[in-house]
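Colleague: I am new to this structure and would love a close look at its aromatic rings. Could you walk me through how they pair up?

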Amino acid sequence: MALCFAAVVLILAALTVFLVAPGRPRRPLRTPFLHYNFAHRGLFTQDQSIPENSLPAFAAAVACGCGIELDVQFTADRQLVVFHDDTLDRMTGAKGWVRDHTWQQIQGLSLAGTACTPPLFARALEEIGGRVPLIVEIKSRQEYGGAYLDALCTATLQALQTYAGPYCIESFDPRVVRRIRRMAPGVLRGQLADSYRANRRLGVHPVHAFLISHCFGNFLGRPDFIAWCPERENGAVALCRAMGAMMVQWTILPQHDHKACQRRYDALIFQWYSPAPRY
């Protein structure tokens, strides 16, 4: 009986390692991103007078010598727009899903009541001009099918071919990370992960919340890095660290101990303050 129990434990442990393990360390790909501070959605202000994911926010990040983290998704007519939320509600006066509006409908919308409007990804890349490293998050949802994700990842990679600086790609969706692994094996790729508690607050089913917070989709994409939230690392994330994954932390706010985070993580994504450039 004891032998059977031990065998079951060993099998479960081996399965867990297989599912959670990151890709092999690829140090040359990591180098441009190590020890960088990345401005979350650009260097935007807390009152949104300089709005997130706007051209002025990207220009401000470049001026302070910080890397930039930004978000891309499709409009209804398959234009790649830089926009964080799934819906337009919070950042514009419009309502509804970004994916259900055409670029013509979105391009004139005000961001947070300012003169800024949502930029196309190509325009954002032009504004940044290859001067700082980029972390590009591909936005996804569970209901997106394979063909849609193929098109989204392909469009993102094609747009980045014009970018003269270093870039990497991340997503909360391991299916996206898998596609980047297949389509662009020479691009650094990362798995975003939030805590179980945070996922439950968002209404995610307990089983799904456990699986995604513990990186059980890593077998699909074998990510180079794990982008983890400010909460304590769970066992699976700690395992990724022990197995050599590059570790990125998001999102560091003014109340967090920036220096302590720098000592523990390879790169930081920050918001609402301006740390000294570090690279």
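Modeller: Happily; here is a tour of the aromatic pairs, followed by the charges that sit over rings. Please keep in mind that this is a predicted model, where local features need pLDDT of at least 70, side-chain atom pairs count only at pLDDT 80 or more, and totals for chains, interfaces and linings use all residues. Residues are numbered from 1 along each chain as its sequence is written, and side-chain values use heavy atoms, with hydrogens and water left out.

A pair of aromatic rings is described by the distance of the centres and the angle of the planes. Rings of Phe, Tyr and Trp (its six-membered ring) pair if their centres lie within 6.5 Å; planes under 30 degrees apart are stacked, over 60 edge-to-face, and the rest tilted. That rule gives nine aromatic pairs. In one of them, the planes of Y36 and F38 meet at 45° with the ring centres 5.7 Å apart, so this pair is tilted. Y36 is buried (under 20% relative accessible area, with a 1.4 Å probe and protein chains only), because its relative accessibility is 12%. F38 is buried too, at 0%. Together with F33, Y36 and F38 make up one aromatic cluster.

Another pair, F74 and Y148, is edge-to-face, with 85° between the planes and 5.7 Å from centre to centre. This pair links distant parts of the chain, 74 residues apart: F74 belongs to strand β2 (residues 67–74) and Y148 to helix α6 (residues 146–160). Helices (H or I, at least four residues) and strands (E, at least two) are DSSP runs, numbered from the N terminus. Both F74 and Y148 are buried.

Finally, a charge sits over a ring if NZ of Lys or CZ of Arg is within 6 Å of the ring centre and within 35 degrees of the ring normal. R222 has its charged end over the ring of F18, 5.0 Å from the centre, and R241 has its charged end over the ring of Y265, 5.0 Å from the centre.

Notes:
Buried means under 20% relative accessible area, exposed over 50%, partly exposed in between (1.4 Å probe, protein chains only).
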